[in-house]
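Please open the structure in your viewer and keep the selection tool at hand. We will go from one selection to the next, pausing at each to see what is there.

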Amino acid sequence: MVSFPAEAAEIAVLGAGPAGLAAAVTAASAGARVTLIDAGARVGGQFWRHREGDDGVGHHDWPTLVRLRAGLSRVDVRTRHAIWHVERTESGFTVNTDRGAVSCRTVIVATGAYDRQVPFPGWTLPGVYTAGGVQSLLKGHGVRAGNRVVVSGTGPFLLPVAAGLVEAGAEVAGVFEAGSPAGFARSPLAVLANAGKLAEGAGYLKTLLRQRVPYRTRTAVVAAQGTDGVESVTVASLDRQWRIVPGSERTVACDTVAVGYGFTPQLELPVQLGCETRLGADGSLVAVADDRQRATTPGVYLAGEVCGVGGSALSLVEGELAGLHAALTTVGAEPNRDTVARLLRQRKSLRAFANAMHAAHPVRPGWQTWLDDGTQVCRCEEVSAGTVRSAVKDLGATDARTAKLLARPGMGLCQGRVCGYATACLVAAECGREPTAADLAGVAARPIAQPVTLGDLARG
Amino acid sequence: MSERVRFSFRGQEIVAEAGQSVGAALIAAGHRSWRTTRHEGAPRGVFCGIGVCFDCLVVVNGKPGRRACLTEVRPGDVIEPQEGAGRGELSC
């Protein structure tokens with residue numbers, strides 16, 4: 001790998017998951033000087049999270065990572081660099097990291113996404129993890145989160161998490177999918193065009209069936225119990241709106257819970273740069289990108305989950321498109337028209353599949369009825385659902401941002417990354433309306449994206 | 001078999017694999033929580049596992065406010081639980 005002086009980068013790619021890797025390799029191949037920045041110890045992002053010397057066993061689409069890594073020979077790769085702010089300069093941008101700044105003319109933001117959560121009584125108990133957290137422990141560190149695990153939430157990601165646990169020797173006491181993925185049938189064409197992805201899901205299901213792991217739809221973990229850590233969960237059947245079917249509750253003993261309700265794009269950098277956002281097909285806030293992967297802010301390109309969660313295949317396509325177009329505008333490298341046309345066709349097909357997935361796994365508002373007034377919504381500031389609702393009812397908040405200012409949900413160390421979605425939903429419901437993009441944007445602004453020391457700030 | 005790393009937690013020696021995070025090594029050793037919250041003193045450990053939630057804060061070699069899920073464990077590290085706001089430059 002090469003190393004440029006900081007001032008010499010033409011394109012900085014922020015995030016080294018599938019989208020960022022594809023963008024960096026593509027732009028470098030087109031002749032641009034590219035710096036790729038990621039907080040992790042190794043490239044690959046959450047999707048290819050792995051250990052040093054990992055040979056790819058148990059990883060999906062590993063050959064693609066091997067190919068992309070080989071393409072990094074012409075890229076200045078800066079792993080273990082946590083970006084805390086990106087600012088505009090006269091000639092482009094300065095990317096501030098905890099290990100110095102990188103100047104560039106163009107940025108490609110590929111910061112990915114993290115698990116979206118809805119709170120439930122007991123979700124703050126040790127032993128309750130995000131589904132992605134359990135996956136990261138397993139793939140990134142070779143550690144099984146627990147011995148007897150319950151997996152719950154909604155979305156296709158629950159399956160590889162459960163299958164990975166089974167293969168690692170855990171007893172999976174059940175996979176409880178709150179949705180009813182039969183909804184898939186509503187978009188048969190989008191699904192047929194991506195049959196490979198269905199086969200992948202079927203493979204995970206097979207692993208679960210072989211171990212006789214119960215897989216239940218329209219069912220979820222609605223509470224967790226324990227003193228110093230989780231000891232059991234309450235599992236219940238849900239109606240169409242995700243309200244608990246009376247009398248369906250049962251207790252399942254476990255030492256670990258993995259939960260995830262889809263994903264939230266990591267948008268602090270696009271928001272810092274003033275990029276326009278909108279409500280995505282899955283109800284999360286996403287950044288707006290055009291068919292060249294351009295954000296609404298000049299000089300900023302977006303690729304992967306920041307544009308709307310769609311999986312690794314879509315991220316790779318968007319990364320390549322962003323790399324080609326960023327190289328065109330930054331160093332004048334003309335992309336091959338046929339390649340661009342093919343990528344756009346793939347993007348359309350994969351986006352349609354992602355939207356079919358989202359349509360089949362919506363988060364229904366009934367989860368709010370699982371909460372009692374004392375259930376914590378904001379884990380950092382320990383703000384309960386009752387306090388959030390009271391900010392609307394008693395203090396007059398009419399949007400999530402005002403509720404945050406009055407009651408402090410989202411004011412803690414995570415800056416609302418974990419509770420932002422739930423807070424926006426609860427406040428909107430209390431106001432008698434659906435959550436809007438403005439609600440989510442109101443809890444997504446984070447001028448400093450990572451903890452920094454005063455020394456870093458002074459130098460920046 | 002990968003390289004071993006020895007560190008201490010609450011004065012007890014723990015053996016981890018090189019490259020593991022403090023959080024992963026603690027979980028592998030059977031610990032689920034090592035922090036108490038500021039207001040309620042409730043136990044917390046890893047939640048998101050990828051540096052997003054800040055639930056897994058821990059004291060590493062006297063420095064509080066370290067995210068256990070992101071901090072790679074080093075030989076001889078002295079790891080202590082973090083109570084309340086912790087102390088030091090990253091305290092909340």
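**A pair of strands in chain B**

Begin by selecting strand S5 (residues 57-60) of chain B together with S6(B), since these two run antiparallel and are joined by three bridges. Keep in mind throughout the tour that this is a predicted model. Within the pair, pick out B:Leu57, and you will find it standing opposite B:Arg67 in S6(B). Then move to the turn of this hairpin, where two residues lie between the strands, and select B:Asn61, which takes a positive phi near 50 degrees.

Now leave only strand S6 (residues 63-67) of chain B selected: is it largely enclosed or open? Four of its five residues are buried, so strand S6 of chain B is largely enclosed by the rest of the structure.

**Chain A as a whole**

Next, select chain A, which has 14 helices and 22 strands, and whose C-alpha trace spans about 65 × 55 × 40 Å along its principal axes. For 460 residues, a compact globule would have a radius of gyration near 23 Å, and the 22 Å of chain A agrees with this. Of these 460 residues, 56% count as buried. Among the contacts in chain A with a separation of 6 or more, 69% come from residues 24 or more positions apart.

**A helix and its cover**

Finally, select helix H10 (residues 385-393) of chain A, and colour its buried residues, including A:Ala385, A:Val388, A:Arg389 and A:Val392. What covers the buried residues of H10(A)? Add strand S21 (376-378), strand S22 (383-384), helix H11 (400-407) and helix H12 (420-430) of chain A to the view, as the cover includes these four elements.

Methods
Residues are numbered from 1 along each chain as its sequence is written. Chains are lettered from A and ligands numbered from 1 in the order in which they are written. This is a predicted model: local features need pLDDT of at least 70, side-chain atom pairs count only at pLDDT 80 or more; totals for chains, interfaces and linings use all residues. The radius of gyration is taken over C-alpha atoms; the globule rule is 2.2 Å times the number of residues to the power 0.38. A residue is buried if 20 or more other C-beta atoms lie within 10 Å of its own, exposed if 12 or fewer, and partly exposed in between; C-beta atoms are placed from the backbone. Two residues are in contact if their C-beta atoms, placed from the backbone, lie within 7 Å. Two strands pair if DSSP finds at least two bridges between them.
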